[in-house]
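The exercises below deal with charge pairs, surface patches and backbone geometry. Each task is followed by a solution in steps.

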Amino acid sequence: MDAAEVEFLAEKEIVEIIPNFSLDKIYLIGGDLGPFNPGLPVEVPVWLALNLKQRHKCRIIPPEWMDTEKLEEIREQERKLDTFTPIPSPYYMELTKLLLNHAADNIPKADDIRTLVKDIWDTRMAKLRLSADSFISQQEAHAQLDNLTLMEINTTRSFLLNSLNYMYKLRKNLQPTRTHDY
Amino acid sequence: MPCERKPMRYGHSEGLTDVCFDDEGKSIVTCGSDGDVRIWESLDDDDPKSINVGEKAFSVALRNGKLITAVSNNTVQIHTFPEGDPDGILTRFTTNANHVTFNTSGSKVAVGSSDFLVKIVEVTDSSQQKTLRGHEAPVLSVAFDPSDEFLLLAIPVDATVQLYDRNTWTHVSTLSDDLSTQVVNVVVWSPCGKFLAAGTVGGNLLIWDVEAKLCVERQKHEKGFTVCGMAWHPSGGRITYTDTEGCLGLLDGVSSASAPTSSSTTQSTKATAAKETNDYDDLFDEDDDRMMDEGMSDSRSPVKKALVEEDDDDDLMPATGRARNRASFLDDDNSQDAASVKPDKLPEADGSSAILPPVVPAVSRPVYEGPMPTPPQRAFQPGSTPVHLMHRFMMWNSIGIVRGYNDDQDNAIDVEFHDTAIHHAMHLTNTLGHTMVDLSQEAVLLACEGTDELASKIQCLHFSCWDTLKEWMVDIPKGEDARALCLGQGWAAVATSTLMVRLFSIGGVQREMFSLPGAVVCMAGHGEQLLIVYHRGTGFDGDQSLGVQLIQLGRKRKQVIQGEALPLSRKSYLAWMGFTAEGTPCCVDSEGVVRILNRTLGNTWTPVCNTRESCKSKSDHYWVVGVHENPQQLRCIPCKGSRFPPTLPRPAVAVLPFKLPYCQTTTEKGQMEEQYWRSVLFHNHYDFLSSSGYEIDSEGQSQAQKEQQELLMKMFALSCKLEREFRCVELAELMTHNVVTLAIRYASRSRRMALAQKLNELALEKANQLHEEEEQEEEEPAYQSVARNSQFNHVRRESRGSSQMNGCDDEDVEEEYTQEEERDAEESPEIKKPCLNPFKKGAKSPERPSPKPVNREVCANPFKVSSAGKSSGSPAGQSRTTNVLDSMTMSSRKPAALSGTSKQSKAPVLKPLAPKAKSKTQATLLQMSATKVSSKKQESQSETDTVKRAPAATPPVSAENTENRKPKTGFQLWLDENRKSILGDNPDFEEMDVIKEGMGRFRTLTAGERLEWSEKAKSESDPKKRKREHGGEEDEQMKSDESGGKKKKPLDSSAKLSAFAFNKE
């Protein structure tokens, strides 16, 4: 699984938009959307929101957590605790990136939000690396990591698994030599 | 004035200076921009003691050996006096503190700073701070009232001094002087608390008598420099002052000077002062007060509240304008009071002592203690935020958003449409200073109030116009200002300050104008409706007294609501007024209660929602932008801690549901009642729309009715379960006829015979009512339809005449024609019904029985049997009073013995009819068409065809026909067969019981048998048609009796109306 796939999954998250057109309900496999009334917020998946936004057909209302105050709070919490704190959205990074790239004009303090989310991301990644490091150095058999998002797991998975495999091989090779010593 | 002005002397270098006396009044302490504090033994002291306190000292205060200075590093420092040793920092600000002062006891210090704050700090414990927010500009000067009653803020933008009660932050009064128009720079209380001295920018020194609000002393600075520091001598007799040039001056004999002039009034005014302030406090306390502010202008409310509540609300907004307005309003009151008090009190005044303890027991005096008038609310545009804001919404409605910017760089208006398909966004420069806007699908209407030079103007951007000039402008006559405006479909209306409403066409043609009974509050337009709210009188105790007019402007011009009172919540004012998307008037008051006009209950207003109930905190509000009835939506913008939203960040619309404040909505019963009446209320617009000729979504309407009937049925079932049978009947009264039959079934199934019986009676009544209505309708529209048909028939006849190759004689043609006419006359009202009924019905019964023709047939049928035989004018006969089920079985018997009974069943119908001229047209129709067929059998095929076709085409119309068809279910056929055996078994059975028994037995039959019966029932319908034609043969003899009067017959036997049509031809 690569980042693009995770992003694709994130696109089915729901956001609110304010359309500037009027359209009856549309019936899709994933469920009914609409009706779209100009000026009235309506919930749609991110992919549709971005599509409409690119065609200048709507304004996107940022999700509730995409707010500097709330993010600052999360950042502080994240820095204070050693474990991962619960994140308001399982796709916070992807959504931030998607929405800020395409609809920055609809999001107040977009730059601050970008920085804050990046901060949170960095903090969490640092924690992840740290825990991976201690996991390996202490040669633990398992570790419990709560509140990780898909994207975060995804960044470390391939590398961690591969390196664990290699280390396993190396250790296996190491042990016979030791037994040989005996 | 006997006050003596001593010559000035140099004190400090140029810059801001301040001055104060020490406790005993022996020395004068000054500070200046050189950062020194100097202590002068007297004005002539040439060698003052200097203490350096900082880079710059802005203000100094001295009490109990403590010297407080405000210095340029944004702190307020304490020094010991007279030693001048630093004693710590009292408080800090984000910017320079401008003025510090002690209270009388020396325990507290008030500090005003440039960051708009006033802090009150305990001298001994600087952690005991109280921050006063709410001032909208740098606080230049503060002073304690020696009685601790007031804290005074000199508003630097004005030539007046305003007094606030320190505890409630209410504005108490304003001091001003006609001669002084300069900006007040500094104010100080005299030690006795009776006088107030102020220094102005232009060097004027003014002293007021606070209670009398009189300026008792005016002095001019010798060089006209700005006075920036003042201090009273503790004895009250002297004032020192400093100016921005660093000079020090002294006024001597101030108190003695003013004492004689005011001592006579001093005591009395002093005595009443407390009382007066109390009055004011009462007056403007809490709710009253808030109401007053908000009432005065919706715009000012949130800011004012911040002041009033003295909490640290962070929604501070520029409040300059309002404070001033408020002041002027209060001033009137004060002056009146003062005037009325003085004459009473003067004789008692002995002038002994001018200085009294500040709190004196209130002397009783005649005061008006009745209800106080409410200031009338100002005109506003619904959906706009206050005018004084720099960035504001000038209009937010269902079409779009209009934002106004009025700041240093820009005075502009942005128009944005929710639906970009209407028009693209517009940016207009607002050179005329428009303050009012309305927006519709067709145009933007703007208006500005007039100025001294310019008349008030109306500007219209008619963007949907197809010619090239999309804009027009109209000047309103001088002395008349636009106050409110609105747009409808194809028209615009402007209400002006001269209590006039001017109508324009959307293209700019002036149309009607009329006068309003009172000052306009707001207007709204929708389609052809114009809604005006105005002041119909003075409200009292916080209430507004508003009247409302609803005018229909289109083809049917009329005034629907004639200035009736608009209901509002207690102590509230109108916050929003408009139409729902479907065109029902709707209003929202400041308490958040949404009311909607109920047209079916004599244009009353029903509360449908309280937005405050959905608010999380007390200071939150919902700002309504639109109301929709279908779907039921209240569109509004949630505003945190204010009444209206800011333009940035762009607010999002939220949707609130409606909830009628019915009792006990926690119970199932209450809930369903609420749902039912809400549904009824919110579907009233169908009636209105159809009656005013608009298309309606009939599908939605029938769905709504279905929903209502379902709710009724649910409530019925619930009451049944609770054994509330009377209630059941009450509910059934609201039901339509066919739902009542359902209810009957439910009742009988749940073994409530008494209830079922009652319901039966009710059902009959309903059916009769329905029938009568039908007949009324039949009579009325017949005129038109016949007139219409006569023309139509004429054409038909000619064409047919040519097609009749056999050459039938005139007589025949004539007869045929009249028959057709009859048929048409009968047919047409029926055809017309679907379109006419909806409003006819709606007007009559609140629950609006279904206007769908299908339903009605079903309803009417069981009873048609009896009524068909009667002449239309006859009262309900015996057969009508029989119950539903009886009549059903009666009719069902008929088809069973079809051929045999047809003669008998028809004969009694026909016989009285034939001679009677006013017989039921339908009966004659059948008879005549039948005879015709029989007598002219040998005639051309084409003719018989037409005749055949005619009855075939009308089956759903012909009442008898449908009546016959309906009861022909398999069960009924079976029942007719088996009735005898049932009766034989139970000879004492009533009709009802027979049916019940029959039902039971029928159920025991096998499915196959039942199917057989129903097959039989189906096949019955066809023979019947045949029967009709054959039945004619049997009637032939009868026919032959009358054949002599064939020519006459059309006149006799058909309705008068068709005869009329015939003559016309």
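**Exercise 1. A charge pair in chain B**

Which side chain meets that of B:K669 in a salt bridge, and what is the N to O distance?

Solution.
- The model is a predicted one.
- The side chain that pairs with B:K669 is that of B:E673, with 3.0 Å from N to O.
- A salt bridge requires a side-chain nitrogen of Lys or Arg within 4 Å of a carboxyl oxygen of Asp or Glu, so the pair of B:E673 and B:K669 at 3.0 Å qualifies.
- B:E673 and B:K669 are separated by about one helical turn because they are four residues apart in helix α5 (residues 668–682) of chain B.
- B:K669 has 27% relative accessibility and therefore counts as partly exposed.

**Exercise 2. Another pair in the same helix**

Find the partner of B:E674 and classify both residues as buried or exposed.

Solution.
- B:E674 forms a salt bridge with B:R678, and their closest N and O atoms are 2.9 Å apart.
- Both residues belong to helix α5 of chain B, where four residues, about one turn of the helix, separate them.
- The cut-off for buried is a relative accessible area under 20%.
- B:E674 has a relative accessible area of 6%, so this residue is buried.
- B:R678 has 17% relative accessibility and therefore also counts as buried.

**Exercise 3. A salt-bridge network in chain A**

Which residues are linked with A:R75 in a network of salt bridges?

Solution.
- The network joins A:R75, A:E76, A:R79 and A:D119.
- Within it, the side chains of A:E76 and A:R75 meet at 3.5 Å, N to O.
- A:E76 is partly exposed because its relative accessible area is 38%.
- A:R75 has a relative accessible area of 17%, so this residue is buried.
- As background, side chains of opposite charge can pair when their charged atoms come close.
- Over all chains, a search of the whole structure finds 20 salt bridges.

**Exercise 4. Two charged patches**

List the residues of the negative surface patch and state which helix gives the most to it.

Solution.
- The negative patch is formed by A:E64, A:D67, A:E69, A:E72, A:E73, A:D111 and A:D112.
- Two helices of chain A, α3 (68–80) and α5 (110–137), each supply at least two residues of this patch.
- The helix that gives the most is α3(A), with three residues.
- A:D112 lies in helix α5 of chain A and counts as partly exposed because its relative accessibility is 40%.

Which residues form the positive surface patch?

- B:R745, B:R749, B:R1003 and B:R1010 form the positive patch.
- Among them, B:R749 sits in helix α9 (residues 737–749) of chain B.
- B:R749 has 64% relative accessibility, so this residue counts as exposed.

**Exercise 5. A glutamine in a loop**

Is B:Q377 buried or exposed, and which backbone oxygen lies 2.7 Å from a polar atom of its side chain?

Solution.
- B:Q377 is placed in the loop between α4 (320–345) and β26 (391–396) of chain B.
- B:Q377 counts as buried because its relative accessibility is 4%.
- The backbone oxygen is that of B:L574, 2.7 Å from a polar atom of the B:Q377 side chain.

**Exercise 6. Cis peptide bonds**

Where in chain A is the proline that a cis peptide bond joins to A:G34?

Solution.
- The cis bond joins A:G34 and A:P35, with omega about 0 degrees.
- A:P35 is in the loop between β3 (31–33) and β4 (42–45) of chain A.
- In chain B, the peptide bond from B:N630 to B:P631 is cis, with omega near 0 degrees.
- B:P631 is in the loop between β46 (621–628) and β47 (633–639) of chain B.

**Exercise 7. Positive phi values**

What is the approximate phi of A:H56, and what is that of A:K109?

Solution.
- A:H56 has phi near 60 degrees, a positive value in a residue other than glycine.
- A:H56 lies in the loop between α2 (46–54) and β5 (58–61) of chain A, and its 64% relative accessibility is why this residue counts as exposed.
- A:K109, also a residue other than glycine, has a positive phi near 55 degrees.
- A:K109 lies in the loop between α4 (92–103) and α5 of chain A.
- With a relative accessible area of 52%, A:K109 is exposed.

Notes:
Residues numbered from 1 in each chain as written. Chains lettered and ligands numbered in written order. Predicted model: local features only at pLDDT ≥ 70, side-chain atom pairs only at ≥ 80, totals over all residues. Heavy atoms only, no water. Patch = residues over 30% accessible without salt bridge, like charges linked within 9 Å, V, L, I, M, F, W, Y side chains within 5 Å. Areas by Shrake-Rupley, 256 points an atom, 1.4 Å probe, with all protein chains shown as cover. Lys, Arg positive; Asp, Glu negative; His and termini not counted. Charge placed at Lys NZ, Arg CZ, Asp CG, Glu CD. Buried < 20%, exposed > 50% of the residue type's maximum accessible area, 1.4 Å probe, protein only. Polar contact = N/O pair within 3.5 Å; in protein donor to acceptor, adjacent residues only side chain to side chain.
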